Amino acid sequence: MSAAGPGLSKQQLLVIGGGLLLVLPMLVVLGMGFGFDPHKIDSPLVGLPAPVFELPALSDQQPVKLASLQGKPAVINFWATWCASCPMEHPGLVQASRYYGEQVQFVGIAYEDKRPALKAWLNRNGGDVYPTLVDVGGKTAIAYGVYGVPETYILDEAGTVTYKHVGPIPPQVLKAELDRLL
Amino acid sequence: MNSLLGQGSILIGLACAMAGLLVGLQAGRTRSAVGLKQTRGLAYGFAWSMVVANAVMINALLQRDFTVRYVDQVGSHDVPNYIAFVSLWSALEGSILFWGAILGLYVLAFLVATRNRHEDMQGYTLATILAVGAFFAFLIAGPADPFGAVTPIAGKPHVGPNPLLQNHVLMIIHPPMLYLGYVGMTIPFAMGVAALLRGRLGAGWMRPLRRWMLLPWGFLTAGIVLGGWWAYEVLGWGGYWAWDPVENASFLPWLSATGFLHAAQLQERRGVLKGWTMVLLMSTFALTILGTFMTRSGVFNSVHSFTQSPIGPIFLVFLGVVLVVSVVLIGLRVHLLEPEGEFHSVVSRDAMFVVNNLLFVAFTMTVLIGTVFPLLAEAIRGVKISVGEPYFNLLSVPIGVAIVFLMGVGPALPWGRATPAEARRALAMPSAVGVGLTLVAAGFGARNFWVLATFWTSGFAAAVSFRDMAAPVQAIHRRRGGSLGSSMAEAYRRGRRRYGGQIVHLGVALMAVSIAVSWTYQTSTEIVLDKGESAVVGDYTLTFEGREQWQEPHRQVVAANVKVVRPGAGEAILQPRMNRYTGQMSPIGTPAVKTRIGEDLYLSAMQIDDAGEFVGLRVFINPMIYWVWVAAGVMVFGCLIAMWPPKERHTAVASAAGDPAVEAA
């Protein structure tokens, strides 16, 4: 690029300046895109009463109603044994349920799954310290608008959905949301 | 073992690319023959390492070697071997590795094609290609490493690649075609950079450059249309194009490349628009990188995109480097881009090429703005919006019709200048053909203004193309006599580029009409049929005959048997399906399509009752859709003809003789 010499001609400066003026804003706009998650769509359920359900528990097959969980904040975690990121998420939930103890009701809802597989999975991944319900036919997941597992819903003591998280819920997010309610 | 082999070859590739970049720049600057030889050696080293790394990955996928991270992610014992093979490009890391392989193959082709030729340009060209190669090798070696070793976890389910990719055979050919298009743009870009660095933009370099652009252009054309065809056969919403960001990402470089191919001819023949041609060339490559960024950064919301990944920012930096280097290079060489010729008249082929180029740029900007606008809106106003079909159609339909119109006017007018009388004579017959075709369309019931306009412009342009192909045959035949066949062969031999170009134009005209009709006159209805019940849709009587279910290795299939009867055409059973894949929560529908010359009957199952008592169907009638695929085939065929390397002596002699018959379109 020696032809240009030390000083650039007016024409060269004009082309380079104009070109950069055109190109740089576009890069900035694209760069700003990183701050946003295009897949994040706020759940319409937030602020509304959580859809009721009555599902059999994994342990004893006894039906459990949503109403029986109410009276304190609740964490409802939809998951499945075939989901890739659930094994990563589960230890955090187990730990949180131990940390909050009686203050918060944790419940897992297994989606599109089989009982033996669920039991084996729980044994492998930290045990069942809180109840797991089996969503037979996936009706509850549909009522909650589950898009993919894992998904976590946080309910206040009146049973109103206060937060929805898509994907594995990070412990600090879980803690922040629950501390807000307590 | 596979991990180690793969990582090793990528590191060798990276080292070759970086060394080749430096040696190539030096060789380009000093024009050293030894330096060039070394650069070529390093380029071979890069290319083969990429090919070997891909072979290792394919081997690992076929062995289901779950100690390799990528295989652990997308591999599965449940899928047949061809799906395991295709998994190579089914997720982010593999797709970048595959990108490397394609670049490697292009580099090999380029090295072979330029052996003992264009030696003064090769150093810079190879350096630029290897700079791009180094970037991708770096991605594969680090941020998007598919070869990382993992310890297999017992009992971990391996569900295989995304079910949508397992659903149709087109998915096996569509991505490679698209990649061949995308990645191939690297070669003409590098040739352009070399021309700017060297400060020489002569026709001797522009001609091979144009051919190296035609090759990926043809692949991209095929890739885009195959993608549309796949969407049509698999996704079940009855259409083939939705202005989705990722579709747009493939269309953008196609538009600018098409603009380039036309501008380059004007530069070659008239010595004008040099700077413009370079801008289009650089933009085309930048748009391929932008497209790759779009699919892999997680920034755009699209049905096609890979999941959010950390390589987005790295891609953005690369895109920035490409853009800034292009701008600075063009700026520094602006004195070389002065026109040598000048425009004589607005009534000329030259002027039509300029307008054509403006339209292609307008089209590119329309699509680009529509694609990027949601980002802008979210950044500035914090709202989520999506730019939908209405915006794209509003602008792209008139621009498209205008482009087809110019596709007729341009070749009909002579280079330089035409008198009004000449212009009238040249345009009269094609206009009449256009009117005829429009009347035929109106006779079939078309009333939409834009559809009729498309018929008119397409008929007009097609007539020009046919005349343009027939004229040299007539001229030769009149002069030399003999058989018509030999005249045709002679005309074709002398004007291969012209024939290629005009065949592409015919394909475009057919495409325009097919898109207009299939898009405007699609009808759809939703019906629920009980077992044994019938319904009439259009000319067809549909009867639900029951449910069928079977197991395939990687999926469970539930199909509805729908008997289709059309008066006078017998009957057929169509089977719209629901496929359930291991580890996938909702079933994925596969529509059933019955194709006829005039229209497709397209059944998409919404719900198939478990007991087989009823079925919910969406029924589409899609007129002329079949011709969209045919038109694409015609375009690719024309591209092949235009691109085929000429037997050099012939071209040279014919050009020197100044025979009007070799004036390509």
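A nonpolar core, as the term is used here, is a set of buried Ala, Val, Leu, Ile, Met, Phe, Trp, Tyr and Cys residues joined through C-beta atoms within 7 Å. In this predicted model, the largest such core has 187 residues, and those with the most contacts inside it are B:Phe46, B:Leu130, B:Ala286, B:Leu319, B:Ile330, B:Val404 and B:Ala509. The element that gives the most to this core is helix H10 of chain B, residues 203-234, with 15 residues. Apart from this core lies another, of 33 residues, among them A:Leu55, A:Ile76, A:Leu155 and A:Tyr163. As a general background to such groupings, nonpolar side chains tend to be buried together in soluble globular proteins.

Before the details, the confidence of the prediction deserves attention. The predictor assigns the complex an ipTM of 0.75 and a pTM of 0.82. For chain B the average pLDDT is 86, and 92% of the residues score at least 70. An exception to keep in mind is the stretch of residues 649-665 of chain B, where pLDDT stays under 50, and for which the model has 24 contacts beyond four places in sequence.

Chain B contains 21 helices and 10 strands, and its C-alpha trace spans about 75 × 65 × 60 Å along the principal axes. A compact globule of 665 residues would have a radius of gyration near 26 Å, and because chain B has 27 Å, its value agrees with that expectation. Of the 665 residues in chain B, 51% count as buried. When contacts in chain B with a separation of 6 or more are considered, residues 24 or more positions apart account for 73% of them.

The domain assignment divides chain B into domain 1 (1-161), domain 2 (175-185 + 195-387), domain 3 (417-517 + 634-662) and domain 4 (523-625). Between domain 2 and domain 3 of chain B, 11 residues of the former are in contact with 9 residues of the latter. Sorted by class, the side of domain 2 of chain B that touches domain 3 of chain B has 5 nonpolar, 5 polar and 1 charged residues.

Helix H2 of chain B, which covers residues 33-63, offers a view of the packing at the level of single residues, and B:Ala43 is found in this helix. B:Ala43 counts as buried because it has 28 C-beta neighbours inside 10 Å, where the cut-off for a buried residue is 20 or more. Not counting residues up to four places away in sequence, B:Ala43 touches B:Gly20, B:Val107, B:Leu111, B:Leu126 and B:Leu130. The C-alpha atoms of B:Ala43 and B:Leu139, which are 96 residues apart along the chain, are separated by 18 Å. B:Phe46, already named among the residues with the most contacts inside the largest core, is in contact with B:Gly13, B:Cys16, B:Ala17, B:Gly20, B:Gly104, B:Val107, B:Leu130 and B:Gly133, once its neighbours within four places in sequence are left aside. The contact lists of B:Ala43 and B:Phe46 both include B:Gly20, B:Val107 and B:Leu130.

Two loop residues of chain B call for a look at the backbone. Most residues other than glycine have a negative phi. B:Arg64, although it is not a glycine, has a positive phi of about 55 degrees, and it is found in the loop between H2 and helix H3 (69-74) of chain B. B:Arg64 is partly exposed, because 16 other C-beta atoms lie within 10 Å. B:Trp243 likewise has a positive phi, near 55 degrees, in a residue other than glycine, and its place is in the loop between H10 and helix H11 (245-270) of chain B. With 19 C-beta neighbours inside 10 Å, B:Trp243 counts as partly exposed.

Chain A has 5 helices and 7 strands, which follow the pattern α-β-β-β-α-β-α-β-α-β-β-α when read along the sequence. Its radius of gyration is 25 Å, well over the 16 Å that the globule rule gives for 182 residues, so chain A is more spread out than a compact globule. The C-alpha atoms of chain A fill a box of roughly 85 × 35 × 30 Å along the principal axes. Chain A is divided into domain 1 (2-35) and domain 2 (54-181), and the centres of these two domains, taken over C-alpha atoms, are separated by 52 Å. Buried residues make up 30% of the 182 residues in chain A. Among contacts in chain A between residues at least 6 apart in sequence, 75% join residues at least 24 apart.

Technical notes: Residues numbered from 1 in each chain as written. Chains lettered and ligands numbered in written order. Predicted model: local features only at pLDDT ≥ 70, side-chain atom pairs only at ≥ 80, totals over all residues. Helix = DSSP H or I, 4+ residues; strand = E, 2+ residues; numbered from the N terminus. Buried ≥ 20, exposed ≤ 12 C-beta atoms within 10 Å, placed from the backbone. Contact = placed C-beta atoms within 7 Å. Domains from an automatic or database assignment. Nonpolar A, V, L, I, M, F, W, Y, C, P; charged D, E, K, R; others polar. pLDDT = per-residue confidence, 0-100. Rg over C-alpha atoms; globule rule 2.2 N^0.38 Å.
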